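Let's take a walk through this model together, starting with a single helix and working outwards from there.

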Amino acid sequence: MPKKMTKKIKEIEEVKMEEVLDGTVVYNVPFPKDLKDLDKLAPIIIKFPYHTDYIHSYGQDSPFFAGLTNKRLLGTECPKCKYRYATPKGHCMYCGTKAKWFELPQVGRIHTWTTCYFGSEEFLPECPYNLILVEFEGVDTLFLSRLIGAEEKDIKIGMKVKAKFKRLSKFKPTDVYFVPA
Amino acid sequence: MQKPQRPVYMVSGGVSKFTKARPDITFQPMVKEAYDYALQDLGIPHKKFFEIVDGSVASYFSDHFQRQLMSGIMVQDYLGLCPKPSHRVEGGGATGGLCFQEAWKSVASGHMDICVAYGFETMSHVQTWKGNEFIALASDVSFDYPVGGFYSGYYAMMVVRHMHEFGTTVEQMAKVSIKNHKNAFWNPYAQKRIPDLTVEDVRSSPMVAYPLTRLDICVMSDGAAVCILASDEGLKKLQKASRQSFKPVKITGIGRGTDAMRMADRPHGEVILIPREKPSDYKKLKYPGVHSFRAGRTAGKMAYEMAGILEPIEELDFIELHDAYTSSEIQTYEDLGLCKYGEGGPLVESGKVEVGGQCPVNPSGGLIACGHPVGATGLMQAVFAHWQLQETINKHFGNGKLQIKNAKRGLIHSHAGTGTYVTVTIMEKV
């Protein structure tokens with residue numbers, strides 16, 4: 001990350017230890033003699049976990065993920081108005097017709113991009129990472145993906161990129177990613 | 001769309017100050033703080049108000065933050081509004097704006113004479129990065145979230161394209177941050193009141209997602225806001241119940257728009273034109289792409305038609321818009337037709353959107369300085385607009401520095417990520 005912080009930003013971004021949620025377990029707290037003092041009691045803050053394994057079906061989009069594990073990138077096309085979706089849509093957003101699968105080219109260009117230095121908790125360990133929206137020749141919509149092998153300073157709109165596929169599929173859209181072509 | 005048969009007024013509002021965390025109370029009393037303020041300003045005690053109020057609409061975005069479903073009814077009972085009718089509204093960041101408009105509909109349709117819109121969010125119950133994860137679940141979990149689900153990343157990609165299309169600069173974005181933090185200095189409801197930020201400060205703040213730094217982005221918060229809306233009939237009932245006189249503000253325009261959840265799916269077509277724009281203005285522009293918000297343009301256009309506005313920047317005295325990002329404030333100038341597409345960056349530099357300028361934008365400091373407890377935000381904007389149009393900023397802020405002199409007409413704008421739902425409401429002095 002470039003640039004030295006100004007004095008003001010140093011004040012705003014105070015130096016402090018990171019807050020973590022592995023604090024001590026407490027089974028009792030003090031209690032006042034007089035009930036009138038209860039309003040002065042500091043709030044009691046507890047922790048509870050929340051974890052769920054979802055049974056998420058990709059439904060009509062499933063062939064896209066089957067494609068990724070076979071190194072094929074699939075989009076959908078409206079048979080009626082010929083609108084082509086780089087990120088699959090089961091039905092055309094414009095005429096409502098059921099769309100058909102077609103194979104996307106594995107080379108495209110960067111339509112826009114960013115480098116994330118922070119992220120959602122799930123992705124924090126991967127920071128910094130690059131996000132790109134890829135445009136493909138003759139396709140009407142874009143595709144969101146990761147760009148590997150380039151840093152913020154190297155990335156430009158219009159840059160040619162090519163698809164690569166994970167050998168061990170996770171059946172996630174990240175089974176495909178892009179590298180500079 | 002036809003004009004509604006009945007005029008609708010906002011009669012009072014209240015805000016429970018937005019803050020990083022409110023561990024001292026749960027969400028119900030937080031809403032009550034705003035509710036009690038609104039009633040006190042109206043001069044009607046709750047018991048008397050209960051006799052005349054017809055119902056309410058609840059606004060909150062996420063059930064994840066508290067792991068509590070049906071929080072709305074818990075507010076309804078805590079406020080003592082049971083068994084009156086109510087329902088919850090949800091539409092991401094635009095939840096508050098949608099709630100306000102649902103309350104408007106309840107009154108405009110004749111279903112209610114007096115309706116309370118209340119909104120809140122308690123985002124402090126999880127750590128910031130978990131909160132970012134919850135917010136990112138408001139993106140397609142099959143195709144977008146797993147790739148790097150992070151809202152700041154999405155908005156960063158949108159503004160990178162805006163910079164490419166129009167030459168918008170990071171310095172122009174920093175100027176939005178400077179302006180909004182500076183305005184907030186005089187707003188006691190704002191969290192971040194910094195009168196003297198510089199472009200260098202904003203740019204040297206930690207980078208979150210290029211080109212957005214921490215000072216380009218609003219913060220998650222706890223907070224609540226309440227608006228009370230009424231018909232002419234409702235006004236009479238309120239007047240009778242109140243021991244004091246109050247100044248209602250008329251709601252004269254309502255608009256909403258939508259766009260595809262996945263940014264990748266947005267079309268690259270023709271600009272939706274508003275009056276005084278012609279197709280030749282945008283010969284080479286593919287619209288909305290990911291650089292502009294078609295939902296915002298649609299909402300603005302609809303509200304302008306209803307309120308009879310042809311030249312927004314000349315006919316509006318101020319705007320409170322959804323500046324979750326400095327970039328989205330610039331993009332929204334264009335969607336709302338304060339300038340042509342591509343001229344948002346130069347507009348912030350022109351000074352026209354400063355307090356004292358032609359059309360101040362976010363005189364309150366906006367989301368950037370006040371914070372963004374999602375369900376409360378759109379209603380907070382309505383409360384600030386209400387006070388501007390009543391010319392009671394001095395009373396509510398304890399100083400009149402941010403009072404727009406002679407404010408006759410204002411606009412509030414609520415926006416859900418990444419431009420999926422947008423609401424625009426026009427409010428006017430009576």
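Start with H10 of chain B, on the face turned away from its buried side: that's where you'll find the exposed residues Lys236(B) and Lys240(B). Keep in mind as you look around that this is a predicted model.

Now flip to the other face. H10(B) runs over residues 232-241, and its buried residues are Gly234(B), Leu235(B), Leu238(B) and Ala241(B). They sit on the same side of H10(B) because they cover an arc of only 130 degrees around the axis. The spacing behind this is a familiar one: an α-helix has 3.6 residues a turn, so residues three or four places apart point the same way.

What do the buried residues of H10(B) pack against? Their partners are a mix of helices and strands of chain B: helix H1 (27-42) and helix H2 (46-52) on the one hand, and strand E1 (8-19), strand E4 (114-122) and strand E7 (222-230) on the other.

Zoom out to the chain that holds this helix. Chain B has 17 helices and 13 strands, and 67% of its 430 residues count as buried. How does its radius of gyration fit a compact globule? For 430 residues such a globule would come in near 22 Å, and chain B has 20 Å, which agrees. If you'd rather think in box dimensions, the C-alpha trace spans about 60 × 45 × 40 Å along its principal axes. Take the contacts in chain B with a separation of 6 or more, and 77% of them turn out to join residues 24 or more positions apart. As for the outside, chain B exposes about 14100 Å², with carbon and sulfur atoms supplying 53% of that.

Next, a loop worth a visit. Between helix H5 (128-136) and helix H6 (145-148) of chain B you'll come across Asp140(B). Its side chain reaches the backbone nitrogen of Ser142(B) at 2.8 Å, and a polar atom of that side chain also lies 3.3 Å from the backbone nitrogen of Phe143(B). Look past the neighbours within four places in sequence, and Asp140(B) is in contact with Tyr145(B), Pro146(B), Met261(B) and Arg262(B).

Finally, hop over to chain A, where 3 strands form an open sheet in the order E2-E1-E3, with antiparallel pairing. Strand E2 (84-85) and strand E3 (100-103) of chain A are the edge strands, each pairing on one side only. Strand E1 (residues 74-77) of chain A pairs with E3(A) over 4 bridges, and Leu74(A) stands opposite Glu103(A) in E3(A).

Methods: Residues are numbered from 1 along each chain as its sequence is written. Chains are lettered from A and ligands numbered from 1 in the order in which they are written. This is a predicted model: local features need pLDDT of at least 70, side-chain atom pairs count only at pLDDT 80 or more; totals for chains, interfaces and linings use all residues. Side-chain values use heavy atoms; hydrogens and water are left out. Two strands pair if DSSP finds at least two bridges between them. Helices (H or I, at least four residues) and strands (E, at least two) are DSSP runs, numbered from the N terminus. A polar contact is a pair of N or O atoms within 3.5 Å; within protein, one must be able to donate a hydrogen and the other to accept it, and residues adjacent in sequence count only if both atoms are side-chain atoms. Contact means heavy atoms within 4.5 Å. The radius of gyration is taken over C-alpha atoms; the globule rule is 2.2 Å times the number of residues to the power 0.38. Buried means under 20% relative accessible area, exposed over 50%, partly exposed in between (1.4 Å probe, protein chains only). Accessible areas come from the Shrake-Rupley method with a 1.4 Å probe; for residues, only the protein chains shown count as cover. The arc is that of the directions from the helix axis to the C-beta atoms.
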